[in-house]
Amino acid sequence: MKAVRKVASYSLPVFVFFAYLFMYVPIIVLVFYSFNGGQSSHQWQGFSLIWYRELFSSVEILDALRNSLIVAFSSVALSIVMGLFFVFYSSKNILQKFLFAFYGSLAAPEVVLAVVLLSFFSFFSVPLGLTTLIAAHTLVALSYVTPILYSSFKNINVSITEASLDLGATEWQTFKKIIVPLLSPAIMGAALLVFIVSFDDFILSFFCSGPSTMTLPMYIFATIRSGATPVINALSTLLLIMSSLVVLVFTLFRVRTRVF
Amino acid sequence: MYVPFVFIIFVSFLKDIDYSVWANFSLQNYSQLFSSVYFIIWGRSLALASVTAVLCLAIAYPIAYFLVFRVARLRNILLFLLVLPFWANFLVQVYAWFFVLERGGILNSALLKIGIISEPLRILNTQFSVYLVMLFCFLPFMVMPIYSSMEGINKSVFEASFDLGANRWQTLTRVVMPLSSSGIRTGFFLVFIPSFGEFVVPLLLGGGKNMYAGSLISFLFLETKSIEWGAAFTCLSGIVLIIAVFVFNWLLKKVFGTDRG
């Protein structure tokens, strides 16, 4: 009986250990082989950085990286500005009631959102490209940004705004000099979150970008489909490092995102 | 933001998107969709989504339980490791599994070494690999909400439950599960809804042999460019998904109870 108990008390940690193992083994192997000297993906041929060198000399990848960065930065900027205006200028009650509407685009599978936007664009014959991509990403970004900004705007004491208005500041001055600085931690958090969401997004970009524009995740997808080269290992490793840094920032500064 | 959503419903009733709008309003797209081929596709997607979500729940629940109630010192680092794949690029995660599953990959070589098999198995491009990768890629989505709902449980409920004569199993099923049921439901749908529309994993790891709802949507929109038809299929898939969500919500409340007791 005692032995059974002992086994039982060890089974949970062992189970958790194996779950983590399964989550991390593929990623670790991937990182490991990105430093491989040869073409093979299952034979170690010595340490080398050739795939990283190749990565930074590929015009296609750098082009995709540039597109990804343009889209990510524009959608961060647009969504933050729009989110701030939503939060500040719409009266509290209205936003409170309609806050759930911002979750809508997250509640549907992303494919659905993507084709919804695609059919919208094609009905009005908007040519697909960077502009449509930025519009699509901004829309999704807003559904992350607005609730985050709103929840910290709610915590700002109303009397601060009132004091500012009483002391003769215009609404715009109050917005610029009082509200935005007070919200800056939330703005930073939301910006980082949205940046990574946009930068990593594949499905929306896949549908809304048209034939000529390619982002980094789209490049990865195309390469995997046509038979991956070790350059992808190097690229993936760099992306993993980037997202780990972001997660580290989130944990260190205790940024509360919505999902957890 | 909701204009496009209303819009796709409208487009789905059109015969052809290019001609004058009101002239070719029809139900043609929908009548074409009531054929067994499409029901099989919805069925397959529902199967994939529900199996993924149920297996995720089965694995995620013990993990969350362990993180909340069993570890103290390691908790932060284990949480960090759990959140990390959550933010990592989805494609990178899927791609990483190639190293494990391919013919000369580590799973095959490990099995060969142990001597369970004598010849490499074909794992890539099978249903098995699709389900396996879906499971592990969506696992963090399930653990996080369950973790945060369990975190709020007052530890003294265990003592209360044991004092009142319940054994461990009864405490788990009658006390802890109902108290964390909102997290279970959130996690379930965070996995179920995206899996229903998933097309990347079946395409890359399943060899694209089987059509899922997501794959058909992307096929109709991007390969054949039949936007009206794709719109109709998307709308019906949405309805199928909504019905499924309601059914599972009811089912989960039945099985795990609600926190209101």
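The paragraphs below lead through a predicted model, beginning with the build of chain A, going on to its meeting with chain B, and ending with the nonpolar core.

Chain A contains 12 helices and 0 strands, and if you follow the chain from its N terminus you therefore pass one α element after another, in the order α-α-α-α-α-α-α-α-α-α-α-α. Of the 260 residues that make up this chain, 38% count as buried. When the contacts in chain A with a separation of 6 or more are considered, 78% of them link residues that stand 24 or more positions apart.

Turning to the place where the two chains meet, 53 residues of chain A are in contact with 52 residues of chain B. On the chain A side, at least two residues each are supplied by helix H1 (2–33), helix H5 (104–107), helix H6 (110–123), helix H9 (171–200), helix H11 (216–225) and helix H12 (230–253). The largest share comes from H1(A), which gives 14 residues to the side that touches chain B. Sorted by class, this side of chain A has 40 nonpolar, 10 polar and 3 charged residues.

The last stop is the largest nonpolar core, which has 142 residues, and in which B:Ala60, B:Val94 and B:Met142 have the most contacts. Helix H7 of chain B, covering residues 127–151, gives the most to this core, with 16 residues. To see the surroundings of B:Met142 in detail, leave aside residues up to four places away in sequence: B:Met142 then touches B:Cys56, B:Leu57 and B:Ala60, and also B:Gly187, B:Leu190 and B:Val191.

Key
Residues numbered from 1 in each chain as written. Chains lettered and ligands numbered in written order. Predicted model: local features only at pLDDT ≥ 70, side-chain atom pairs only at ≥ 80, totals over all residues. Core = buried A, V, L, I, M, F, W, Y, C linked by C-beta atoms within 7 Å. Buried ≥ 20, exposed ≤ 12 C-beta atoms within 10 Å, placed from the backbone. Helix = DSSP H or I, 4+ residues; strand = E, 2+ residues; numbered from the N terminus. Contact = placed C-beta atoms within 7 Å. Nonpolar A, V, L, I, M, F, W, Y, C, P; charged D, E, K, R; others polar.
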